[in-house]
Amino acid sequence: MARITLDPVTRIEGHLRIDVEVNGGTVTNAWSSAQMWRGIETILQGRPPEDAWIYAQRFCGVCTTVHAISSIRSVEHALKVEVPLNAQYIRNMIMAQHSVQDHIVHFYHLSALDWVDVVSALKADPKKTAQLAQSISDWSGNSETEFRAVQSKLKAFVETGRLGIFSSGYWGHPAMKLPPEANLMAVAHYLKALDYQRRAAQVGAILGGKNPHIQNLCVGGVATAVNMENLATINMERIAALRTLMEETRDFVQKVYYPDMLAIASAYKEWFKYGKGVVNYLAVPEMPEDTKNTKFALPGGIIANGDIKGARIISNHQDEALIGNIKENVAHAWYEGENSLHPWEGETTPKYTDFQDNGKYSWCKAPRLDGKAVQVGPPAQLFAAYAGGNQKVKKLVDDSCAKIGIGVGDLHSTMGRLGARAIRAHLMADYSLEYLDKLVENVARGDKTYANHTEIPKGEYRGVGFHEAPRGTLSHWIVIKDKKIKNYQAVVPSTWNASPRDEKGVMGPYEASLMGNPVADSEKPLEVLRTIHSFDPCIACAVHTIDPQGKEITKIKVL
Amino acid sequence: MKTLIFGAGNLLLSDEGFGVHFINYLQQNYRFPEGVELYDGGTLGIMVTHMLEDADHVYLVDVIEAEGEPGDIYRYEKDDFMLGRLPIKMSPHQIGIQEVLALSELRDRCPKKISLFGVIPQSYEAGVELTQLLSKKLPDLAELVVAELRADGYCVETI
């Protein structure tokens, strides 16, 4: 038996350590351990609730806006504040474009190199690469000239020995299967993708005032206003700029990312068999279309044992059964006690021990819904919307599965998570433009309300702000007492997925998904990375592989 | 010509936020002309590549993990990045800054000059203030950067 530890050491948004035991080339046990105490919620205690979102968006370096949105919603929920339609549409666009940006970067820059061999791209025929690319998409950037230029640049880089600087892949690993032309196509798109994640970021900056940290939220709405004639607001010119940016990102997502994803999925079909793990899912409704957060474009849902058809649909953010049934267990986490506490009662009292296989081993708490481990993320959202009868989702999921030659049930897998993310990006690119149209129409109808001004009253109030973020269900839980924050807890998507075992010994989604994974070469555990990366963990960082004696055997750069 | 001063860091973890505090310090104490941009990049890596690519000269301010005393500030130049001469665990936000720059190079968009000022932190405790030790470093580093900007011909006014 071999034990492999993947440990990133120093990161702010990630600090994940994965341990696996491998027997006869197969993973037989797994542990997921967050390596840094995330006690930053305590910073919020005693501060004014209306400022919480400004601090909350600094929780994480990658997904800033999602914490801002969840935080502001928690206060609005606590005080039962309605959010004007204009504000909902503006927030929806910010969320949708953030998703597009996040998914593009995850696919190309954080996970593609698990499947794409950069060195093999040097052997490709640029002409055949162009033929391949043009056979799957009519995107204008797929010319022979383009591929030839990328290849010669890459060649020059490799010849001067500089590939090592950004080498992160296991080039030449036996599990790499794409032909050279597909590799060259993917490398070219990997370089191009940066231009499009940028456009999505620009949308956030125009609507939110600043990127990466938006400035335009307020309890009860947004501080952004639309006035076609006024230069100081979102005017005609900016609306046109938003439309162009969102159309360009849509084209990239739908004509480059999505077809690339289908091509990779088709080439690595066996990866629909691995990485299933926990098949209980949770997604919350997203893209509100009324002022009370009761009508949403995408329903949420709870799925038990992979039974998509039997999903319990969640149609609004006031679902008492959902709000009441989330608890966090610390039996295997480095906190005082063994108990499961509701986030409003949540405590964050550290109690560090060593890494104990059968005891405490992670800074991540174990969130449980109705006592069960659940997986969150794009598959959960798609399954819930599929079961909830969203025709757009149903058609896109069915079409994608047909093109790859799999069934919907195959999406409970490593490749399924990657595919679901591409489908979600496809959807979000369309929703972005839809909400721009809705905003313009609503403003044209004479609605000039962007915020319901809210005074924080005296007394005690509790609220939860749900948001279906790129990595899955996010919730911020606030207790307000006499105009100050009394308690604040964030249950983030990666907490659900990276969760350690609970008091019953039930594994979290990362851990469970690794069981049964193949590992061809324990010094190069590429397959472990593939499955962990499929969740889009917030670990955009350098990962080191060490053996149990602590000797470094392989350096793995994950970005 | 465009110069970008990029502050990286997590504002909620005391000294971790040094780069962001540095940007705030500059904004409060100096007036910069067109052509100099101050940017609070938080802890994003690859998602802000375009900010770097838009500039000719980049000053990057971040915390680093290196041998030395808390408060020590080290300087690295473009070749240190491009030739991989930096310590691997240089910064928690490295998010592969070397990889990001290599990518930019492959895209023909790499800034001509990049200077990293890396400070060794004293504390990563939760908190929105710098430790006194690092707080005292802000004016010195600001003077150094401003002097270089002035030498490059930028008219930077002290407020």
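The exercises below work through a predicted model with chains A and B.

**Exercise 1. Overall form of chain A**

Task: Decide how the radius of gyration of chain A stands against that of a compact globule.

Solution.
Step 1. Chain A has 559 residues, and a compact globule with that many residues would have a radius of gyration near 24 Å.
Step 2. The value computed for chain A is 23 Å, which agrees.
Step 3. Along the principal axes, the C-alpha atoms of chain A fill a box of roughly 65 × 60 × 45 Å.
Step 4. Buried residues come to 58% of the 559.
Step 5. Among contacts in chain A with a separation of 6 or more, 74% join residues that are 24 or more positions apart.
Step 6. The secondary structure of chain A consists of 15 helices and 18 strands.

**Exercise 2. A helix with a bend**

Task: Find the span of helix α8 of chain A and state where α8(A) bends.

Solution.
Step 1. Helix α8 of chain A covers residues 236-267, which is 32 residues.
Step 2. At 1.5 Å a residue, the expected span is 46 Å.
Step 3. From the first C-alpha to the last, the helix reaches 45 Å, close to that expectation.
Step 4. There is a bend of about 30° in α8(A), at Val253(A).

**Exercise 3. A residue of that helix**

Task: Classify Leu262(A) by its C-beta neighbours and list its contacts beyond four places in sequence.

Solution.
Step 1. Leu262(A) belongs to helix α8 of chain A.
Step 2. A residue is buried with 20 or more other C-beta atoms within 10 Å and exposed with 12 or fewer.
Step 3. Leu262(A) has 19 such atoms, so it is partly exposed.
Step 4. Beyond four places in sequence, Leu262(A) is in contact with Ser400(A), Lys403(A) and Ile404(A).
Step 5. Ile404(A) is 142 residues from Leu262(A) in sequence, yet their C-alpha atoms are 6.4 Å apart.

**Exercise 4. An antiparallel sheet in chain A**

Task: Give the strand order of the sheet that holds β14, β15 and β16 of chain A, and name its edge strands.

Solution.
Step 1. The three strands form an open sheet, ordered β14-β15-β16, with antiparallel pairing.
Step 2. At the edges are β14 (460-469) and β16 (484-491) of chain A, each pairing on one side only.
Step 3. On average, neighbouring strands of this sheet are turned by 15° against each other, direction ignored.
Step 4. Strand β15 (residues 472-481) of chain A is joined to β16(A) by seven bridges in the antiparallel sense.
Step 5. Ile478(A) has Tyr488(A) in β16(A) as its bridge partner.
Step 6. Helix α2 (residues 64-78) of chain A packs on the sheet and touches β14 and β15 of chain A. The direction of this helix makes about 145° with that of β14(A).

**Exercise 5. The mixed sheet of chain B**

Task: Trace the five-strand sheet of chain B from edge to edge and explain why one side of each edge strand lacks a neighbour.

Solution.
Step 1. Chain B has six helices and seven strands.
Step 2. Along the sequence they follow the pattern β-α-β-β-α-β-β-α-α-β-α-α-β.
Step 3. Five strands form an open sheet in the order β3-β1-β4-β6-β5, and the pairing is mixed.
Step 4. The edge strands β3 and β5 (73-77) of chain B each have a single partner strand, so one side of each has no neighbour in the sheet.
Step 5. At one edge, β3(B) pairs with strand β1 (residues 3-8) of chain B in the parallel sense over six bridges. Here Leu4(B) stands opposite Glu37(B) of β3(B).
Step 6. At the other edge, β5(B) pairs with β6(B) in the antiparallel sense over five bridges. Arg75(B) has Phe117(B) in β6(B) as its bridge partner.
Step 7. Strand β3 (residues 36-42) of chain B has five buried residues out of seven, so the rest of the structure largely encloses it.
Step 8. Over the whole of chain B, 45% of the 159 residues count as buried.

**Exercise 6. A loop residue in chain B**

Task: Locate Tyr124(B) and find which residues it touches beyond four places in sequence.

Solution.
Step 1. Tyr124(B) sits in the loop between β6 (113-119) and α5 (132-135) of chain B.
Step 2. It has 18 C-beta neighbours inside 10 Å and therefore counts as partly exposed.
Step 3. Beyond four places in sequence, Tyr124(B) touches Leu13(B), Ser14(B), Asp15(B) and Glu16(B).
Step 4. Leu12(B) is 112 residues from Tyr124(B) in sequence, with a C-alpha to C-alpha distance of 8.9 Å.
Step 5. In chain B, residues 24 or more positions apart account for 78% of the contacts with a separation of 6 or more.

Note on methods. Residues numbered from 1 in each chain as written. Chains lettered and ligands numbered in written order. Predicted model: local features only at pLDDT ≥ 70, side-chain atom pairs only at ≥ 80, totals over all residues. Helix = DSSP H or I, 4+ residues; strand = E, 2+ residues; numbered from the N terminus. Contact = placed C-beta atoms within 7 Å. Pairing = 2+ DSSP bridges. Expected span 1.5 Å × (residues − 1). Bend = angle between axes of the 7 residues up to and from the residue. Rg over C-alpha atoms; globule rule 2.2 N^0.38 Å. Axes fitted to C-alpha atoms, helices over the stretch in contact; angles between N-to-C directions.
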